[in-house]
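Subject: Handing over a structure

Hello,

Here is the structure I promised to pass on to you. Please open it first, and then read my notes below alongside it.

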Amino acid sequence: MEEVYLTAGSAESGAQVRVEALAREYQTKLARYLRRMVGDSEVALDLTQDVLFAAFRTLQHDPERPLTAGWLYKTATNSAISYLRRKKIIRMLPLDREHDVRSWRIDEQSAASLDLQAALARLPADQSAAMLLTSYAGYTSHEAAAILGTSADAVRQRVCRAMKTLRTVMTERS
Amino acid sequence: MNPTCARVESLAGAIALGEASDAERDEYRRHIAACAPCLRALGGEREIERVMSAVADARDAETWEPIVPSARDRRTRLARSAWRVGLSGVALAIVASLGLHVLLAAAVPTVRIADASVVPVLPVSGMHVTLDQRTPAPKSVAAAPPVRAVSESLVVVHNVIALKASTPANVKAARGPASATETRISTRSVVAMATSAPSNVPIWRRDAAMPVANATHAPLFAGRAESIAVAPVYVVHDVTPLGGDGAISPRPPLIAYAEGAEGTTAFEVTVDEHGAPQHCTITKSSGYFSLDGAVCAAAMHARYVPRTVNGRATPGVYRDAFTFRSQSQDDGPAIPQR
């Protein structure tokens with residue numbers, strides 16, 4: 001996707017080039033990950049934009065900083081958790097994330113997709129993040145532990161608990 | 001939870017992620033075979049793979065290709081939201097201010113005083129106003145002609161009423177005529193000072209030792225032979241409004257015009273040594289809360305030149321009165337005069 005993400009500027013050009021590269025490679029993955037986390041496409045787009053903007057700010061202040069995909073996922077996870085907390089406090093938006101799923105495209109509404117989203121709607125944010133980072137984004141438990149700031153065993157336990165919920169949902173729906 | 005079962009959760013997670021070694025898989029199988037609750041909750045290895053394959057199917061079926069707005073739009077959006085928040089704040093402040101004004105205008109009581117013994121308290125913003133129903137003091141100065149037309153139908157007449165505190169007649173005669181700014185020539189009485197000043201102060205020093213508050217009090221035996229008239233000792237300037245007589249301009253609420261309120265409101269304001277009004281007291285009510293409240297509010301909003309004794313500022317009292325008269329009941333048009 002050849003999009004110009006930032007205005008050209010002499011001081012910002014380095015950060016701009018690096019963020020453009022990151023965005024080209026990860027924006028779709030980040031948006032899909034965030035959509036599963038928050039259950040809303042529009043919010044996911046906003047949060048993805050926030051993550052990329054945070055990356056640009058970070059590179060603007062420290063151009064030599066190595067910014068990896070793990071950093072992007074960590075920022076995205078924290079943004080999603082913050083959003084879910086705000087949503088829980090404000091309660092202005094519907095808490096039923098299945099409602100958002102019904103607004104997805106028809107080809108995305110497979111049984112597995114709906115089951116997964118229904119299970120994620122019941123899970124705490126940390127378990128959702130562990131499940132999505134490992135089985136959705138493809139990170140190992142050690143990499144996910146580094147992103148989430150916890151241990152690999154804790155990530156495996158969270159995946160196991162998320163899996164139990166998903167199994168319950170699948171049983172109920174069948 | 002059994003510690004072994006907690007360990008099995010970690011093993012099940014490892015199996016789900018495909019990270020379990022053969023030893024870990026054997027350990028999981030042994031525990032599942034012996035622990036029915038874990039078997040019901042987690043299922044066997046095949047069940048775990050079935051559940052996790054659903055996640056993989058959902059991932060593979062994902063076709064959403066999002067178009068993330070550029071960071072430039074993000075900046076514009078942030079700027080717009082900042083402007084929106086700022087404008088909303090300004091609009092909210094304006095609406096709140098208008099609402100407050102309307103509430104304050106509607107909150108002025110307009111009930112006529114039915115019982116003269118009731119001592120009402122008017123809520124005026126930022127000050128405490130008490131309406132005391134006192135015995136009307138005799139007017140020492142006649143009413144002045146109309147001075148100011150407040151609106152088309154109500155005329156405010158500024159009557160200066162000197163409501164002096166009661167003093168012995170002999171002292172009043174010795175002081176001469178009362179005025180807003182007067183120089184009082186006091187007499188010194190040896191007997192009076194001997195009764196009021198501390199005994200350890202010599203008689204010839206007690207004059208200076210007397211407190212200022214007592215200085216203006218009349219000597220008890222001013223007319224006696226041993227009283228000695230001396231040179232002017234206390235030069236007293238009473239409280240006056242800063243800005244002249246027009247400094248206090250009461251603005252009665254509209255309801256006063258509607259109900260044809262009229263009458264004379266006499267009041268007194270205690271003023272501290274800095275010239276700030278402290279307390280307003282209605283000494284003679286016009287019979288309308290609206291008029292009395294307007295007068296006290298105006299009096300409390302004004303600033304004053306404090307009372308001075310020998311050039312030294314002291315707390316004092318400013319007394320004045322306003323007469324409100326409905327123009328429709330007057331014989332002729334009211335011409336503002338003073």
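Two strands pair if DSSP finds at least two bridges between them. Helices (H or I, at least four residues) and strands (E, at least two) are themselves DSSP runs, numbered from the N terminus. With that in hand, you can look at an open sheet in chain B, where 3 strands stand in the order 7-12-13 with antiparallel pairing. Its edges are strand 7 (236-237) and strand 13 (312-314) of chain B, each pairing on one side only.

Before going further, a word on where this comes from: it is a predicted model, in which local features need pLDDT of at least 70 and side-chain atom pairs count only at pLDDT 80 or more, while totals for chains, interfaces and linings use all residues. Residues are numbered from 1 along each chain as its sequence is written, chains are lettered from A and ligands numbered from 1 in the order in which they are written, and side-chain values use heavy atoms, with hydrogens and water left out.

**The two chains**

Chain A has 8 helices and 0 strands, and its pattern along the sequence reads α-α-α-α-α-α-α-α. Of its 174 residues, 53% are buried; here buried means under 20% relative accessible area, exposed over 50%, and partly exposed in between (1.4 Å probe, protein chains only). The accessible surface of chain A is about 8,100 Å², with 52% belonging to carbon and sulfur atoms. Such areas come from the Shrake-Rupley method with a 1.4 Å probe, and for residues only the protein chains shown count as cover.

Chain B contains 11 helices and 14 strands. Buried residues make up 38% of its 338 residues. Its accessible surface comes to about 18,900 Å², and carbon and sulfur atoms hold 60% of that. Taking contact as heavy atoms within 4.5 Å, residues 24 or more positions apart account for 69% of the chain B contacts with a separation of 6 or more. In chain A, 60% of the contacts between residues at least 6 apart in sequence join residues at least 24 apart.

**The cores**

A nonpolar core is a set of buried Ala, Val, Leu, Ile, Met, Phe, Trp, Tyr and Cys residues joined through side-chain atoms within 4.5 Å. The largest one here has 72 residues, and those touching the most other members are Tyr33(A), Val38(A), Leu72(A), Met163(A), Tyr28(B) and Ile48(B). Helix 1 (residues 13-38) of chain A gives the most to this core, with 10 residues. A second, separate core has 21 residues, including Ala261(B) and Phe324(B).

Met163(A) is a good place to zoom in. Leaving aside neighbours within four places in sequence, Met163(A) contacts Met131(A) as well as Ala12(B), Ala16(B), Ile48(B), Val51(B) and Met52(B).

**A helix in chain A**

Helix 2 (residues 41-61) of chain A has 21 residues and reaches 30 Å from first C-alpha to last, close to the 30 Å expected at 1.5 Å a residue. That expected span is 1.5 Å times one less than the number of residues. Asp40(A) caps the N-terminal end of this helix, with a side-chain oxygen 2.9 Å from the backbone nitrogen of Glu42(A).

**Strands in chain B**

Strand 9 (residues 263-271) and strand 14 (residues 316-326) of chain B pair in the antiparallel sense over 9 bridges. Ala266(B) has Ala321(B) as its bridge partner in strand 14, and Glu268(B) has Arg319(B). In strand 9, 8 of the 9 residues are buried. In strand 14, 8 of the 11 residues are buried, so strand 14 is largely enclosed by the rest of the structure.

Strand 9 also pairs with strand 10 (residues 277-284) of chain B, antiparallel over 6 bridges. The bridge partner of Thr270(B) in strand 10 is His279(B). These two strands form a hairpin with 5 residues between them, and Gly275(B) in the turn has a positive phi of about 90 degrees.

**Two loops worth a visit**

Back at the open sheet, strand 12 (residues 307-309) of chain B is joined to strand 13 by 3 bridges, and Val309(B) has Arg312(B) as its partner in strand 13. Asn310(B) sits in the loop between strands 12 and 13 of chain B. Most residues other than glycine have a negative phi. Asn310(B), although not a glycine, has a positive phi of about 55 degrees. Asn310(B) is partly exposed, with a relative accessible area of 45%.

Gly243(B) lies in the loop between strand 8 (240-241) and helix 10 (254-258) of chain B. Gly243(B) is exposed, at a relative accessible area of 69%. Gly243(B) and Val305(B) are 62 residues apart in sequence and 9.2 Å apart in space, C-alpha to C-alpha.

Best wishes

How values were computed: Polar contact = N/O pair within 3.5 Å; in protein donor to acceptor, adjacent residues only side chain to side chain.
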